[in-house]
Structures are given as C-alpha cells and as structure tokens.
Amino acid sequence: MILAVDVGNTRIKAAVFEGNTLLESFVFLKTALEKNIENILEKYKNTTHLVIASVSDVEKQAFISFKDAVNIHFVSQTDPFPFVNCYETPQTLGIDRMVLAAGATLQYPNQNRLVIDAGTCVTYDFIDENDNYLGGAISSGLRLRYESLHHFTAKLPLLTLEKPKRFIGKSTSESIHSGVVNGLVFEIEGCIAEIKGQYSKFIIILTGGDSVFLAKRLKNTIFANSNFLLESLNQTFQYKIKND
Ligand SMILES: Nc1ncnc2c1ncn2[C@@H]1O[C@H](COP(=O)(O)OP(=O)(O)O)[C@@H](O)[C@H]1O
Ligand SMILES: CC(C)(COP(=O)(O)O)[C@@H](O)C(=O)NCCC(=O)O
Ligand SMILES: [K+]
C-alpha cells in the first residue's frame with residue numbers, strides 16, 4: 001500500500017492506495033501533519049511507501065519520524081516523468097503541476113490535455129498529444145480572491161465563498177460574490193476558448209478544492225475529479241519504480 005501526500009499552500013490532502021485503487025482520502029492542516037500521518041499508518045498497517053509532493057514550506061524533515069516504519073519518497077524534478085518538459089525554467093516549475101501533467105499523460109494517452117487545478121492558486125497546464133508539457137498559467141484561487149479584496153482595501157469585508165445570487169450585484173457583498181465567482185468562471189472559460197483556437201481537440205481535467213463548486217458553473221465538458229492530484233501522485237510513483 002502507498003500513502004500519497006499532497007502538501008498544498010492551504011491544506012494537506014492524503015490518500016491510501018492499493019495498486020490503482022484509492023481506499024480512503026483525508027484532508028488536514030499543516031499544523032496537524034504528524035498526528036494525521038501517524039493515525040493513517042496506524043489504520044493502514046500494510047502501508048510500505050509514503051510518497052510526498054510539496055509546494056509548501058513542509059520539507060522532508062517533517063516526515064523523519066516515519067522513516068523506520070515506511071519508505072519515504074519526496075517527489076522532485078529529478079524523478080522520471082512521462083512527458084518532455086518544455087517549460088523555459090523547469091527548475092522553478094511547481095512539483096504539483098509536474099505530478100498533474102504526469103497523471104494527465106498516463107491516464108489520457110495520445111491526446112491534447114488541459115489540467116486546471118483550482119486550489120490556493122488556479123494553475124493551468126497543457127500537455128500536447130505528443131506528450132510535450134508546454135506550460136500554462138497561474139492565477140489567484142477563489143479564497144485568495146476574497147482575501148486579497150479584503151486585505152488590500154479599507155472598506156471591503158472578508159466574505160466566504162457563496163454562489164452569486166445574480167450577475168449584477170445589488171450590494172457590496174453581492175458585488176464581491178459576483179466579481180470573485182463569475183470572474184474566475186469567465187477566466188476559465190476564456191482560457192478554454194483561447195486553447196480551442198489553437199487545438200481543435202483536447203480534454204479538460206478540473207481538480208483542486210474548488211473544483212466541485214466550479215464544475216457546476218462551467219459550460220464545457222470537463223472531467224471534474226477532486227482526487228486527480230493524489231491519483232496522479234500514485235501513478236507518478238509507479239512510473240518511477242518502472243523507469244528508474
Ligand atoms: N475547509 C476548507 N478550508 C480551506 N479551503 C477550502 C475548504 N473547503 C474548500 N476550500 C476551498 O479550497 C480552495 C483551496 O483548495 P486546495 O486544493 O485545498 O488548495 P491547495 O492545494 O493549494 O492547498 C480554497 O480556494 C477554498 O475555497
Ligand atoms: C503555483 C503554485 C503556487 C500552486 O500551488 P497550490 O495552489 O496548489 O497550493 C505552485 O505550483 C508553485 O509554487 N509553482 C511554482 C511556479 C511555477 O509553477 O512556475
Ligand atoms: K493549484
């Protein structure tokens with residue numbers, strides 16, 4: 001069994017895999033990392049490998065107490081990946097984006113793929129049918145949009161995510177919900193339209209903490225899967241074992 005751990009900038013997501021089957025998934029905060037991993041390993045005693053991808057300040061050291069119980073692998077740029085990396089600064093490419101690109105390449109072979117991860121940030125990653133990772137875009141996630149409106153102004157309140165009542169906001173809160181939610185929906189649809197102009201056919205995978213909320217509001221046919229990063233992490237590790 002493999003315990004895959006995705007350390008994002010907001011939360012930690014983890015899942016136990018038996019082969020390609022996800023047995024159970026978990027979400028917790030950085031501050032409760034050790035206790036949660038300990039509990040998962042206690043419940044899934046047959047776990048042999050801990051596979052971690054981190055874009056946060058959580059480093060290898062944080063997992064050191066588990067080194068006698070399981071093999072620990074921190075996914076890094078030096079691992080084998082199933083695509084050609086055409087990013088001009090591969091050393092600065094987020095490891096989460098590399099894992100997503102690996103998952104898209106392995107799960108959806110021989111086609112153009114767009115992966116959208118709506119987490120703290122929204123990342124867009126494009127891998128063409130010849131398995132070239134071309135790059136993409138980074139913008140602010142939903143929560144970050146609400147927080148920055150509040151943080152960088154004197155008068156805007158901090159609101160939590162809500163579906164906008166109507167497009168033309170009739171109060172400060174309606175205007176904020178409309179601007180934040182519709183703003184991101186338009187951004188995603190605009191990005192998809194832009195790529196449609198360049199590639200006649202591609203599949204779209206949507207993941208991240210806001211994927212379920214956003215999928216309901218998008219016109220395009222999308223594979224929405226909140227566990228796509230964790231599944232991809234499991235597959236990236238299997239790929240490494242086969243290709244190292
Ligand atoms: N309990 C929660 N705590 C924080 N964010 C949440 C929660 N539930 C849903 N979200 C949404 O998830 C997004 C963060 O997604 P996530 O995939 O956890 O980010 P990351 O991978 O960057 O840590 C936020 O924009 C927020 O709207
Ligand atoms: C863009 C990100 C902050 C997204 O992080 P997340 O929203 O998943 O927490 C992360 O992929 C990252 O730190 N990237 C480095 C820059 C780059 O990918 O070019
Ligand atoms: K993201």
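A residue here counts as buried under 20% relative accessible area, as exposed over 50%, and as partly exposed in between. Keep that in mind for the first stop. One more thing before you start clicking: this is a predicted model.

**Stop 1: the potassium ion**

Select ligand 3, the potassium ion, and show what coordinates it. You should find Asp117 and Cys121, each through its O atom, at 2.9 to 3.2 Å. Now colour those two by accessibility. Asp117 has a relative accessible area of 9%, so it is buried. Cys121 comes out at 32%, so it falls in the partly exposed class. Keep Cys121 highlighted for the next stop.

**Stop 2: ligand 2**

Move on to ligand 2 and bring up its surroundings. There are 13 residues around it, and the ones that come nearest are Asn9, Tyr87, Gly94, Asp96 and Arg97. For secondary structure, switch on the cartoon: α2 (95–107) and β8 (121–127) each give at least two residues to the shell around ligand 2.

Next, turn on the backbone atoms and look at the oxygen atoms of ligand 2. At Gly94, a backbone N or O atom lies 2.8 Å from one of the ligand's oxygen atoms. Cys121, which you met at the potassium ion, has a polar backbone atom 2.9 Å from an oxygen atom of ligand 2. Thr120 also takes part through its backbone, with a polar atom 3.4 Å from a ligand 2 oxygen. On its own, ligand 2 has 470 Å² of accessible area, and the protein covers 80% of that. If you draw pockets, the space ligand 2 takes is the largest one.

**Stop 3: ligand 1**

Leave Thr120 selected and add ligand 1. Around ligand 1 you will see Gly8, Asn9, Thr10, Arg11, Lys13, Gly119, Thr120, Arg143, Gly208, Gly209 and Asp210. Asn9 should look familiar, as it was listed among the residues that come nearest to ligand 2.

Which part of Thr120 points a polar atom at ligand 1, side chain or backbone? Here it is the side chain, with a polar atom 2.4 Å from an oxygen atom of ligand 1. Asp210 uses its side chain too, placing a polar atom 2.6 Å from a ligand 1 oxygen. For Thr10, look at the backbone instead: an N or O atom there lies 2.8 Å from an oxygen atom of ligand 1. Taken alone, ligand 1 exposes 580 Å², and the protein buries 71% of that.

Finish with the pocket display on: ligand 1 sits in the largest pocket, the space you already saw taken by ligand 2.

Definitions and conventions
Residues are numbered from 1 along each chain as its sequence is written. Chains are lettered from A and ligands numbered from 1 in the order in which they are written. This is a predicted model: local features need pLDDT of at least 70, side-chain atom pairs count only at pLDDT 80 or more; totals for chains, interfaces and linings use all residues. Side-chain values use heavy atoms; hydrogens and water are left out. Donors are N, O and S atoms within 2.8 Å of the metal (3.2 Å for Na, K and Ca); water is not among the atoms, so sites may look incomplete. Buried means under 20% relative accessible area, exposed over 50%, partly exposed in between (1.4 Å probe, protein chains only). A residue is near a molecule or strand if one of its heavy atoms lies within 4 Å of it. A polar contact is a pair of N or O atoms within 3.5 Å; within protein, one must be able to donate a hydrogen and the other to accept it, and residues adjacent in sequence count only if both atoms are side-chain atoms. Accessible areas come from the Shrake-Rupley method with a 1.4 Å probe; for residues, only the protein chains shown count as cover. On a 1 Å grid over the protein atoms alone, a cavity is a set of points where a 1.4 Å probe fits but cannot get out, and a pocket is an open set with protein on both sides within 12 Å along at least five of seven lines; lining residues have an atom within 4 Å of a point. A molecule sits in a cavity or pocket if more than half of its atoms lie within 2 Å of its grid points. Helices (H or I, at least four residues) and strands (E, at least two) are DSSP runs, numbered from the N terminus.
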